[in-house]
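Work through the exercises below with the model open. Each task is followed by a solution in steps.

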Amino acid sequence: MSETAAQGPRLRPTLDAIPTYKPGKPAGADSYKLSSNENPYDPLPGVLEAAVAAAGSLNRYPDMAVTELTAELAARFGVPAEHIATGTGSVSVAQSLVLSTAGPGDEVMFAWRSFEAYPIITQVAGATPVAVPLTADEAHDLDAMLAAITDRTRLIFVCNPNNPTGVVIHRAELERFLDAVPSDILVVIDEAYIEFIRDEQVPNGIDLYRDRPNVCVLRTFSKAYGLAGLRVGFAIAHEPVATALRKTAVPFGVSRIAQDAALASLRSEDALLERVEALVQERARVAAGLAEQGWTVEDSQANFVWLRLGERTLDFAAACAEAGVVVRPFPGEGVRVTIGETEANSIFLATAAAFRKEL
């Protein structure tokens with residue numbers, strides 16, 4: 001065997017600089033998982049039954065066009081079916097958006113810290129990530145983002161509410177931003193947590209996309225709908241963008257089980273709204289409890305809260321794990337804590353209170 005053959009296949013050198021996505025740490029048998037922004041409730045009524053029934057056809061490929069779910073989404077949001085593109089979770093659709101717009105020499109912009117996958121999928125495409133720091137109150141710095149636009153900018157992610165801080169962008173400032181971005185740059189409004197928003201000043205991204213051909217909206221069934229384990233996400237965009245997404249998507253990516261479960265979830269809206277409202281009430285309880293303890297807590301409109309802890313981040317995460325709740329640390333920055341079961345939230349609050357006293 002030659003020396004070259006013994007070395008194995010030659011991989012792209014750029015992969016060495018790309019970080020691996022880090023999921024929320026799993027919980028043990030005696031712990032609650034508050035690290036992945038999952039919905040703590042069981043599947044919505046009818047969903048498990050639909051998934052089990054669909055499992056009977058596992059020997060067949062799913063409908064690659066995701067026809068029935070696409071039609072239902074189009075009717076639900078009042079958009080043409082041709083404007084909808086589906087994928088294995090919104091992160092898969094986000095990756096297709098990058099692949100459709102950017103390559104070597106191009107730039108993809110996002111706030112930072114924001115969704116951890118943005119820089120990863122950008123570098124996988126060979127493009128350059130441009131991370132614009134958040135403001136002191138954990139919000140998108142839209143003026144700084146506008147100033148960072150160059151002739152190489154191809155796509156801008158706007159996460160609203162932002163993950164992991166939960167802070168939102170209001171209509172007036174978002175519209176001003178969109179109107180200032182050059183029309184040949186795609187702006188992706190990532191609304192993975194839109195169902196949890198109670199701030200009436202936050203716009204629905206679909207309203208903004210309608211008369212703006214360079215605006216795309218991302219949605220997911222992973223959070224409020226509780227289908228994180230089945231991976232279903234979708235984009236709403238004007239036809240040229242939606243067509244590009246279908247070209248770059250993995251063929252047959254959304255399984256039959258996922259398609260049928262998503263349909264059943266859409267048809268269980270009353271139960272969905274009840275569960276989301278319960279989580280919103282728990283979010284308010286957790287945020288109020290943290291504020292009473294003396295923590296600085298920004299107004300989160302998602303299903304999690306954010307604590308900026310700096311160098312104490314890993315110590316805090318370890319204290320939570322010891323108490324029986326697993327949170328999501330971002331070393332040197334802070335922790336994101338998903339709103340979970342009532343008991344889990346209470347354990348977290350008690351742990352935060354004890355940790356606060358030691359500061």
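**Exercise 1. Salt bridges**

Task: Identify which residues are linked with Arg267 in a network of salt bridges, then classify the burial of the partners in the pairs Lys33–Glu38, Arg154–Asp106 and Glu191–Arg219.

Solution:
- The model is predicted. In it, Glu68, Glu72 and Arg267 form a network of salt bridges. The structure has 19 salt bridges by the rule used, namely a Lys or Arg side-chain nitrogen within 4 Å of a carboxyl oxygen of Asp or Glu.
- Lysine 33 and glutamate 38 meet at 3.2 Å, N to O. Lysine 33 has 30% relative accessibility and therefore counts as partly exposed; glutamate 38, at 32%, is also classed as partly exposed.
- Arginine 154 and aspartate 106 have their closest N and O atoms 3.4 Å apart. This pair links distant parts of the chain, 48 residues apart: arginine 154 is in strand E5 (residues 153-159), and aspartate 106 is in the loop between helix H4 (90-101) and strand E3 (107-112). Arginine 154 is partly exposed at 28%, whereas aspartate 106 is buried at 15%.
- Glutamate 191 and arginine 219 have their closest N and O atoms 2.9 Å apart. Here 28 residues separate the partners, with glutamate 191 in the loop between strand E6 (186-190) and helix H8 (205-209) and arginine 219 in strand E7 (residues 215-220). Glutamate 191 is buried, with a relative accessible area of 2%, and arginine 219 is buried at 5%.

**Exercise 2. Aromatic pairs**

Task: Assign the geometry of the ring pairs that tyrosine 118 makes with phenylalanine 110 and with phenylalanine 115.

Solution:
- The structure holds 13 aromatic pairs. For phenylalanine 110 and tyrosine 118, the centres are 5.9 Å apart and the planes at 45 degrees, so the pair is tilted.
- For phenylalanine 115 and tyrosine 118, the centres are 5.4 Å apart and the planes at 90 degrees; planes over 60 degrees apart count as edge-to-face, so this pair is edge-to-face.
- Phenylalanine 110 and tyrosine 118 are both buried. Tyrosine 118 has 0% relative accessibility, and phenylalanine 115 counts as buried at 15%.
- Ring pairs join these residues in a cluster of Phe110, Trp112, Phe115, Tyr118 and Phe157.

**Exercise 3. Strand E12**

Task: Describe the strands that pair with E12 and state whether the residues on its two faces are buried or exposed.

Solution:
- E12 spans residues 334-338, and five of its five residues are buried. Gly334, Arg336 and Thr338 lie on one side, Val335 and Val337 on the other.
- Strand E9 (residues 304-308) pairs with E12 in the antiparallel sense over five bridges. In E12, arginine 336 is opposite tryptophan 306. Arginine 336 also lies over the face of phenylalanine 304, 5.9 Å from the ring centre.
- Strand E11 (residues 328-330) is antiparallel to E12, with three bridges, and proline 329 stands opposite valine 335. E11 and E12 form a hairpin with three residues between them, and glycine 332 in the turn has a positive phi of about 80 degrees.

**Exercise 4. A surface patch**

Task: Find which residues make the nonpolar surface patch of about 370 Å², and locate phenylalanine 252.

Solution:
- The patch is made by Tyr61, Met64 and Phe252.
- Phenylalanine 252 is in the loop between helix H9 (239-248) and helix H10 (256-266). Its relative accessibility is 35%, so phenylalanine 252 counts as partly exposed.

Note on methods
Residues numbered from 1 in each chain as written. Predicted model: local features only at pLDDT ≥ 70, side-chain atom pairs only at ≥ 80, totals over all residues. Heavy atoms only, no water. Patch = residues over 30% accessible without salt bridge, like charges linked within 9 Å, V, L, I, M, F, W, Y side chains within 5 Å. Areas by Shrake-Rupley, 256 points an atom, 1.4 Å probe, with all protein chains shown as cover. Helix = DSSP H or I, 4+ residues; strand = E, 2+ residues; numbered from the N terminus. Buried < 20%, exposed > 50% of the residue type's maximum accessible area, 1.4 Å probe, protein only. Phe/Tyr/Trp six-rings, centres within 6.5 Å; stacked < 30°, edge-to-face > 60°. Lys NZ or Arg CZ within 6 Å of the ring centre and 35° of its normal. Pairing = 2+ DSSP bridges.
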